[in-house]
Amino acid sequence: MLVALLCLLCVLGAKAERRANHVFIISFDGGKPAVIQRSPMPVLMNLLKQGAGTWTAQTISPSVTLPSHTSMLTGVSPKVHKVLWNDWQPEKGLVTVPTVFGIAKQKGLITALYAGKPKFKHLNIPGTLDSFGIPSYSAKRVAKVAAQYIVEKKPNLCFIHFADSDGAGHKNGWGSPEQVQAFADEDVALNTVITAIQQAGIAKESVVILSADHGGHDKTHGSKSPEDMNIPWIAWGSRVKPGFTITAPVTTYDTAATALWLLDIPVPAKWDGKPVTSAFK
């Protein structure tokens, strides 16, 4: 009995020391800041108003989905993780470097990933994710599935990917009316996730990081131009400075480092990513 009590106290003590007990990373695929800023996204803009953010964070080169998200979720550059392809290629196997999910699982935390594209299967390393799903290309459907898990399991680390905006960009062009509508639809999906966090009763101990994998121009992306490389980076929630503009440089692999730092998990020394500490009290 005494041993069990001591163990419980240790767990509660570790929980109390964390800057946040739940971290949610939400990525808007093809989320070019200039287009997001003129899209009807009241939920995102309200989170920015209440939180901290920058519209000039940087993605990696090549500025494409899978390499970028791999950097976002492993804390290292493509030179290290070696993921340079951009579609689901089973023969290439899984990501070979540690992910933020694997590191969190080693600490006994609950992890989850929900995405709109099959290529994210490359990040589904056995034993690192309690829940993994690619429910649909539709952000609203992805959000609905993620929301159900959030309410039921209250994950400590959860990544959610919205694909609609990228698809609209490739089909109709970056900044097209169709893409603006796709961002509006994703804002509805974002609201579903935020509502689930509130319904789960964990909003006061959560941080939500909103970002993107790349921008875009014309009907494509992948270059080193600012149009493709600039991405948003917004933090909202526990200990986030309200109404704060982040002026320090932010790169997409800083997202993984910030997630670990918030969860009171040491950031690997060899990581390229560093926590965006200026955004927090």
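Let me begin with two helices: helix H8, residues 164–172, and helix H9 pack at an angle of about 175 degrees, and their axes lie 8 Å apart. I should say at once that this is a predicted model, and what I describe is to be taken in that light. Two packed helices are described by the angle between their axes together with the distance between those axes, and an angle over 145 degrees counts as roughly antiparallel, so H8 and H9 are roughly antiparallel to each other. As for the residues that meet there, H8 brings Asp164, Ser165, Ala168, Gly169 and Asn172, while H9 brings Glu178, Gln179, Ala182, Phe183 and Glu186.

Staying with H9 for a moment, this helix covers residues 177–199, which is 23 residues, and it reaches 33 Å from its first C-alpha to its last, close to the 33 Å expected at 1.5 Å a residue. After H9 comes Gly201, which has a positive phi near 75 degrees.

Now to the aromatic residues, where the structure holds four aromatic pairs. In one of them, the ring centres of Phe28 and Phe162 are 5.6 Å apart and the ring planes stand at 70 degrees, which is over the 60 degrees required, so the pair is edge-to-face. This pair links distant parts of the chain, since Phe28 belongs to strand E1, residues 22–28, and Phe162 to strand E5, residues 157–162, with the two positions 134 residues apart. Are these two rings in buried or exposed residues? Phe28 has 1% relative accessibility and therefore counts as buried, and Phe162, with a relative accessible area of 0%, is buried as well.

Two lysines also sit over aromatic rings: Lys92 lies over the face of Trp85, at 5.0 Å from the ring centre, and the charged end of Lys241 is placed over the ring of Phe244, 4.6 Å from its centre.

Phe244 brings me to Lys49, which lies in helix H3, residues 42–50. The C-alpha atoms of Lys49 and Phe244 are separated by 8.2 Å, although the two residues are 195 apart along the chain. Not counting residues up to four places away in sequence, Lys49 touches Pro242 and Gly243, and with a relative accessible area of 66% Lys49 is exposed.

Thr128 offers a contrast, because at 9% relative accessibility it counts as buried, even though its place is in the loop between strand E3 (111–114) and strand E4 (131–133). Which residues does Thr128 contact, leaving aside its neighbours within four places in sequence? They are Thr99, Phe101, Gly102, Lys105, Thr111 and Leu123.

I would like to finish with the backbone. Most residues other than glycine have a negative phi, and most peptide bonds are trans. Against that background, a cis peptide bond joins Ser61 and Pro62, with omega about 10 degrees, and Pro62 lies in the loop between strand E2 (52–58) and helix H4 (65–74).

Then there is Lys154, in the loop between helix H7 (139–153) and E5, whose phi is positive, near 50 degrees, in a residue other than glycine; at 32% relative accessibility, Lys154 counts as partly exposed. Asp264, found in the segment after helix H11 (254–262), is likewise not a glycine and has a positive phi of about 60 degrees, and at 38% relative accessibility Asp264 counts as partly exposed.

Terms used. Residues are numbered from 1 along each chain as its sequence is written. This is a predicted model: local features need pLDDT of at least 70, side-chain atom pairs count only at pLDDT 80 or more; totals for chains, interfaces and linings use all residues. Side-chain values use heavy atoms; hydrogens and water are left out. Rings of Phe, Tyr and Trp (its six-membered ring) pair if their centres lie within 6.5 Å; planes under 30 degrees apart count as stacked, over 60 as edge-to-face and the rest as tilted. Helices (H or I, at least four residues) and strands (E, at least two) are DSSP runs, numbered from the N terminus. Buried means under 20% relative accessible area, exposed over 50%, partly exposed in between (1.4 Å probe, protein chains only). A charge sits over a ring if NZ of Lys or CZ of Arg is within 6 Å of the ring centre and within 35 degrees of the ring normal. The expected span of a helix is 1.5 Å times one less than its number of residues. Axes are lines fitted to C-alpha atoms, for helices over the stretch in contact, and angles run from 0 to 180 degrees between N-to-C directions. Angles under 35 degrees count as roughly parallel, over 145 as roughly antiparallel, 65 to 115 as roughly perpendicular and the rest as oblique. Contact means heavy atoms within 4.5 Å.
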